[in-house]
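Trainee: Could you help me see how labels get attached to parts of a protein model? I would like to follow the reasoning step by step.

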Amino acid sequence: MSLEGNAVQFGLLPVTLPRETCSVEAENTLRRLGRFPHTDSPWLPVSTLGPCVIFAHHSPKSNDIWGVPSCYAIRVAISQEQYEKIRKDLVMRLSTTPLPQHNAAEQTELPNLQAGDLASAFRWVIENYPFSEDEAERLSMLYTENFDKNGPLDRESYNGIMPSLGIALQYISQGPSFLCFNPDETPKQSQFPSALLEKHNVYPLYRGDHKVYLLSAEESNFAFEDEWLSHGRDPVDFVPIMADARSIRNLISRNSSTMEGSAGIEVKKSTLSLSDSEGLVQIEPEDMAEINPQNLNHTPEELIHWVLYSAITGRASDLHLEKYYNVARFRARIDGRLRNIYTAPEEMMQRFIALIKNYSNMSQTRQEALDGRFGLSIGQRRVDVRVAAIPCRNEMQKIIMRFLDKKDGIKELSELNFSQRQSMIVKRVMSRDQGLVLITGPTGSGKTTSLYALINSVNDEGINIHTIEDPIEYEIEGINQTQIDPTHDLTFSNGLRSLLRSDPDVILIGECRDKETATSAINASLTGHLVLTTLHANDSLRAISRLLSMGVEPHLVGDSLAMSQAQRLVRRLCSYCKQPVAQTPQITELFKRQGVVRENPDAPIYMSNGCNECSGTGYNGRVALMEMAEMNSEMSDLIERKATQTELRQTALKMGFQTLYQEGLIHVIAGNTTLDEIKKVSYTAF
Ligand SMILES: [Zn+2]
């Protein structure tokens, strides 16, 4: 019988899962709610939905749900093939840390709740679910805050307290007749244009023979169905599957942020705007859905738009256009690596170059290295594109485009994933009324993101913030920004001198390139200003010797420096396919040698694998590693008497300093990245 037929017979939802493992959250929830299974082919925990566990089986007759109270168990049907693979993964995981034979929660009996009485369901869950004390307290607090502000909570408000909580409460109160699912566990699709899905906030979860199971936050989707049918398509029976509205939105943007995606963008409200809108190139997501890049009947302009669109929605930071053998090749840098995203016949090359140069007001001469820029709008989103043209052999040229950050915009400090120790340092440093803050790291390590987050955290009307930058990437309300302009003799160092006359409290200097700038920055930081700047150095402590080697007096550095920070980006493990690896004595030894303590030394670490969700790379997005060296009197003394790196490091370590590599190991323990990824920062290890 087909998966769908099998599912329908048992009143279940048919699903093809994007993962063939049990998610980390599902495993943790199972350890809390369940016990060892009693049969050989139990339902398999695959994911979670709020506090509930999603179980999957290919033969829904089984009754074994690991002792999890059935009100917390959401069941879906999967193929036998997926079942076997997930089972294998689970057996392996549970063999390292087995489950208990009994669980206290098993006898939990659900009172009679009225379907849809979310408030009673919430109260009951808070009292009966094995939350930790902190969690229960936090949830109750959020509930009360919400209630006091807006009165009784609806499903979406509960979802705001904890993802999918409102959906789970509805399920708990209504039982299995309420079909619902977690959008995070939905595979990619290409049948429906993203722009249409985005408009109605729905997403096809499963396509059956006659039905399409549609994730939606509403019971009825007439507007979507009308629009879908109005294009002359065959009628489809849509079955609504209830889900968290915000998670559906994330799913749609995740689906369109891949190269296979056809259209769609994330619309995000932001406090900033691009520095100007001159020469704006507009791209409509709806038009892009109609373009088949393999079809050369499209105009070169349409193709360029499609390439820009695909690169930007695919999270690229740069786009290269170059001749390669006899083709024009576009490569996009995604998560730090170049990937080929489009090739066209060589004849198109000159047309593409001419168009891009035209957008950015550059001259069409071939033998000159040129710089330019243009603005791009994609739906609601604005992107600033910096363009460089470089002459190459045989009268060819190469074009490099850099997309300036972009949909993330300015982060709040809370979005930078600081550890407790790091937040305390940042808080102390940013509340000082004077001092120097250095940030180091290679190009593309997220320095700008950190700097903006730091100054934005103190941005209020009582403080005068002035920056001098090259380039100004974004305008931030309430901050005075100056662009350097060497042709009019406005440099970092003389610009700094003049901005000191504008009575600033906090100063951001884009880059400290020479002795003059460094000295003026330090003088400013000793005369009642908090000064932030970036510097080229390999790590946070070497930044200090870099300043000294630029010719700045050691006692000035010692007196002014508040914190030196180094950072790097490493790739984030794909949460759908990461694989736990068993402990080896080498790994245990490595953590021990590095002095990184693991709360649970038996907990697995993960390695990369590769699946559809991550285009087979095993990674998705990036994680910032931050090494922070906060200064104190002992460190200042060491700097003043030109102490060695080793002395500085030993003293810093006594104060709890952690190297980039140790920061990396902490992210390995958290399952965010791999030992392989953090190898490149291992030279900072000791
Ligand atoms: Zn993956």
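Mentor: Let us talk through a few labels in this predicted model.

Trainee: Happy to start! Why is Arg315 called partly exposed?

Mentor: Count its neighbours. Arg315 has 19 C-beta neighbours inside 10 Å. Buried needs 20 or more and exposed needs 12 or fewer, so Arg315 falls in between and counts as partly exposed.

Trainee: And where does Arg315 lie?

Mentor: Arg315 sits in the loop that runs between helix H12 (300-313) and strand S10 (316-324).

Trainee: What makes the phi of Arg315 worth a remark?

Mentor: Most residues other than glycine have a negative phi. Arg315 is not a glycine, yet its phi is positive, near 70°.

Trainee: Which value of phi does Asp335 have?

Mentor: Asp335 is not a glycine either, and its phi is positive at about 50°. Asp335 is in the loop between strand S11 (327-334) and strand S12 (337-345).

Trainee: How do you know whether Asp335 is buried, exposed or partly exposed?

Mentor: Use the cut-offs again. Asp335 has 18 C-beta neighbours inside 10 Å. That lies between the limits of 12 and 20, so Asp335 is partly exposed too.

Trainee: Now the domains. How do you know that domain 1 (1-185) and domain 4 (413-684) touch?

Mentor: Their centres are 40 Å apart over C-alpha atoms, but contact is judged residue by residue, with C-beta atoms within 7 Å. Six residues of domain 1 are in contact with 10 residues of domain 4. On the domain 1 side, these are two nonpolar, two polar and two charged residues.

Notes
Residues are numbered from 1 along each chain as its sequence is written. This is a predicted model: local features need pLDDT of at least 70, side-chain atom pairs count only at pLDDT 80 or more; totals for chains, interfaces and linings use all residues. Domain bounds come from an automatic or database domain assignment. Two residues are in contact if their C-beta atoms, placed from the backbone, lie within 7 Å. Ala, Val, Leu, Ile, Met, Phe, Trp, Tyr, Cys and Pro count as nonpolar, Asp, Glu, Lys and Arg as charged, and the others, Gly among them, as polar. Helices (H or I, at least four residues) and strands (E, at least two) are DSSP runs, numbered from the N terminus.
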